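Hi,

Here is the structure I said I would pass on. Have a look at it first, and then read on for what turned up.

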Amino acid sequence: MTKIYPDMKPSFFQNLKWTTSLSSGLILFLIFSVFCLSAKTDRYRASWRENPSTTMVLGWDQLSGSNPTLLYGVETDVRQNGNYEFAVNQFYIVDSKGMKNYFARLRNLIPNTVYAFEIRDSEGASRRMTFKTATDIPDIPLSIIAGGDSRNNRDARRNANLLVAKLRPDFVLFAGDMTGGDSGREWRNWMDDWQMTIGRDGRITPIVAARGNHEFSNRSIIEMFDVKNKGVFYGLTFGGSLLRVYTLNSLIAVGGDQALWLEKDLSRHQNFIWKTAQYHYPTRPHTRKKKERNAQRAHWANLFLRYGVQLAVECDAHVVKSTYPIVPSTAAGSDEGFIRDDERGTVYVGEGCWGAPLRRNNDDKNWTRASGSFNQVKWLFVDKNQIQIRTVKTDDASRVAYLKDLTKFEIPRGIDIWRPRTGDVVSIKNKKPSEGTYQSDTTPMKQESGVTQGGVTSPVKPSKKESLMISTKALKVEPMKPIFPTEIINFVVKKEGLDVAIHWEAVHDQASTSYELQRLNENGSSQRIALINGRDNEKNSYEIPDKNAIILYPNATYRLKQVGSDGQESLFQGKMLFETKKEAFQVFNKDDNGMIRIPYTMEAKGIVQFLVKNAKGVVLVDEQFEQDGGNYIKSLDVAVLKKGKYILQLLVDKKIKGKHLVVV
C-alpha cells in the first residue's frame, strides 16, 4: 500500500526556540519524556529528487511505533544550543520489500551546509545523524564514489560500503544490481549493510541510484530511494555549472522517450563544465560473457559525442576497466565501433565489482587504457580544471584511515589504489576553461589587470597583435582534403518479424552531417524515430529498427531528412520492400477496474514476466514472479494505461512465449 503526502514545509516546530525556564522545561519534559527510549527506525538512506544544493530526501524503515516526526536544523546551531529549528511530520510512505519506507522530502535548504537530524516517534528517538547539501557554485570541488553490482558477496559489499564512510564523498553514484533476486529478504540485508556507509559521526551520504537487470522493475529503485522519474532516468546538477550527472536506464528502451529526453537535457546544459552519465549495461563490455549493446552506442554514445559528455560510468560485467577518450566510429583504426579521440572523446569506466561475482577481463579493445578483475569502486575528484579518477581496491577497507570534510581530497593512510602500467590516476582535462579564471591544467591564470564588479574580476582582452601571435602559434597546418556532397543510396524499408528495419547507405559520408528518420503514419502525422550523426568515411551503411511497427503502424512509410554542415536540408523517401497490411493479433480489453485477464500455461517451474510496452518500446507495466507448472489466468493491472494500442509480452525464463499481443 502506498500513501502519498504533499511536500511539506516545516510544521509546528518551525522557529521554535526552546528555553530553560521552569514552565517550558516542564512542558517539554511532559511532551518528550517518552523519547528517552530508542525510536524503532532503521535502514536510513538519503537521496535527491530535485536540486541537490537546496533539497534532500531522508528515508528510513519504520520498524514499529507511530506518529514519527523528523527534526532537523543547521548542525552548528544544533550542536551549540541543542535545539532543532524545523520539523516535518508528513511523509511519502510506501510498503515495499517487507519494509515500511518513510521518505521526508526536505526543501528550502542552504547550499553547502551540514544539517543535523533525528527521528522521534511514539517509542523513542533515533541517534543524531547529519547530512550535507551540495554546493551551488563551481569553485568548490566535489568528491564522488561510483560503482555498482553488490548483489552476492556481502563481505565485499560491506567493505565497499565502509570505504564510503571513510572517504566521505559528497555522494555515491550506484549503477544498479543492488541485490541478486530483488526479494524482500535481500533488500533488507542490503539496507542493513548500507548503514556501514554512515560515518562514525553520523554523516549519511546521499545515493544517486540507477536500475540494473537484477532489479526486476523500475518500482524497486523508486520505492527504495524515492526516485522521482518513473522511468528511472533523470539528471541532477552539482556545483552550479560545474557538473551535470545523467542517470540512464539500460533496462527500458534506450531510444524513444529516454533518448529524446537525454538530447533535450544535454542541449539545455551545454554551458556546463562537466557532463557525466551512469547506467548499468556497458556498451562495450570487457568480458566475453556479456554482449555488446549497440542500441546504447547508437542512441547514447552519439549524443555523448555531440554534446561533450566527458565521462560514463558503467557496470554489469563484474570486471574492472578504464578507457582512453573514445567516440563512435567505424573508420580505420577503430575497434568494435569506437576509436580513440583525445579531443572529443568520452572516457568509459566500470564495470561493477561492489560485491558481485567477479569475471575474467578477457575482452580488451585497442582503446582500453587498463582492465582487471577485483573488488573495486571508482573515486572521483571533480573541479573546474579536471576530473581525476582513481580505482580503489576494497578488500582491505578496514585498514583505511577516516577522512573528514576538510581532508576528503587527501589520500588516506592504508588505501589500496590500483596502479596499472598506464598510471594510477585517469585525468580528464578541461579543454574549455572559464575565460580569465583557469587554464586547462591546475595552475591559476595570472591576471595583470582587470575591473572588479561584485567580487568578480573581468579579464583584460589581449590586443589584436597578441591574439594573432597566440592563434598563429597554435595553428597546425594540414593539406586540404576535397569535400564531396553526401549521396544517399539504397534507402529501403524491410520487414523483420513484427519490426520494420530501415536501411540506407551514405556515400562521401561526413561527421558534420546528421540524419533524422521520420515515420509517416496513415493519418498524415509524422514522428521522428531516430536522429544520428554521420561518420567520416567514403561509404557508410545505416540500419534503424522500428519496433513492433507491423502491429502499431501497419500502413506507415518512412522518410529521411539529411542536414549538411551548412544547414541545408534534403528529403528522401524509403522504398517499401513489403506490402503494408494489418495482421490479426489477439486483443485484450481492460475492464472497468483497469484489469486484463490473460490465460497461459507453464510447462514447468520457472520465472514468469509480463511486459506492457508503448509504441516507442518504453516498458509501462512490468510484473515478474516464480511459478510452478500448470494452467493459469493472470489478472494484470493496466489501469495506468491511457486509451490506445500497446504491446503485451509473456516471457518464461526470459524467453518470449506465444504470440505478441495487442492491448487496447
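Before the strands, one term: two strands count as paired if DSSP finds at least two bridges between them. Also keep in mind that this is a predicted model.

With that in hand, take strand β17 (residues 311-313) and strand β21 (residues 347-350): three bridges join them, and the two run parallel. If you want a spot to click on, Leu311 has Val347 of β21 opposite. Both strands belong to an open sheet of seven, in the order β14-β15-β16-β17-β21-β18-β22, with mixed pairing. At its edges are β14 (234-238) and β22 (368-372), each of which pairs on one side only. On average, neighbouring strands in this sheet are turned by 15° against each other, ignoring direction. Across β14, β15 (243-247) and β16 (274-278) lies helix α6 (residues 256-268), and α6 runs at about 180° to β15.

Next, have a look at strand β24 (residues 386-393). Which strands does β24 pair with? One is strand β23 (residues 376-382), with seven bridges in the antiparallel sense. β23 and β24 make a hairpin, with three residues between them. β24 is also joined to strand β26 (residues 426-429) by four bridges, again antiparallel, and to strand β25 (residues 416-417) by two bridges, antiparallel as well. Gln388 is a handy residue to follow here: Phe381 stands opposite Gln388, and in β26 the bridge partner of Gln388 is Ser427. Further along, Val392 faces Ile417 of β25. β24 is mostly covered, with seven of its eight residues buried.

Now for the inside. The largest nonpolar core has 81 residues, and Leu70 and Phe225 are the ones with the most contacts within it. What does Phe225 touch, leaving aside its neighbours within four places in sequence? The list is Arg45, Ser47, Phe103, Met178, Trp187, Trp190, Met191, Ile207 and Ala209. Apart from this core lies another one, of 25 residues, including Ile488, Tyr542, Ile544 and Phe578.

There is a pocket to show you too. The second largest one has a volume of about 1,100 Å³. Its lining is made up of 33 residues, and Arg219, Ile222, Lys230, Leu620 and Val640 are those nearest the centre. β6 (92-96), α5 (218-225) and β40 (619-627) each supply at least two residues of that lining, with β40 giving the most, at five residues.

Two single residues to finish. Is Gly202 buried or exposed? Gly202 counts as buried because its relative accessibility is 0%, under the 20% cut-off. You will find Gly202 in the loop between α4 (184-194) and β13 (207-209). Not counting residues up to four places away in sequence, Gly202 touches Arg127, Arg128, Met129 and Thr130. Ala116 is 86 residues away from Gly202 in sequence, yet their C-alpha atoms are 8.9 Å apart in space.

The other residue is Ile119, in strand β8 (residues 114-121). Ile119 is buried too, with a relative accessible area of 0%. From Ile119 to Asn89 there are 30 residues in sequence and 9.8 Å in space, C-alpha to C-alpha.

Cheers

Key
Residues numbered from 1 in each chain as written. Predicted model: local features only at pLDDT ≥ 70, side-chain atom pairs only at ≥ 80, totals over all residues. Heavy atoms only, no water. Axes fitted to C-alpha atoms, helices over the stretch in contact; angles between N-to-C directions. Contact = heavy atoms within 4.5 Å. Core = buried A, V, L, I, M, F, W, Y, C linked by side-chain atoms within 4.5 Å. Buried < 20%, exposed > 50% of the residue type's maximum accessible area, 1.4 Å probe, protein only. 1 Å grid on protein atoms, 1.4 Å probe; cavity = no way out; pocket = protein on both sides within 12 Å on 5 of 7 lines; lining within 4 Å. Points joined across faces, edges and corners; volume = space filled by probe spheres on them.
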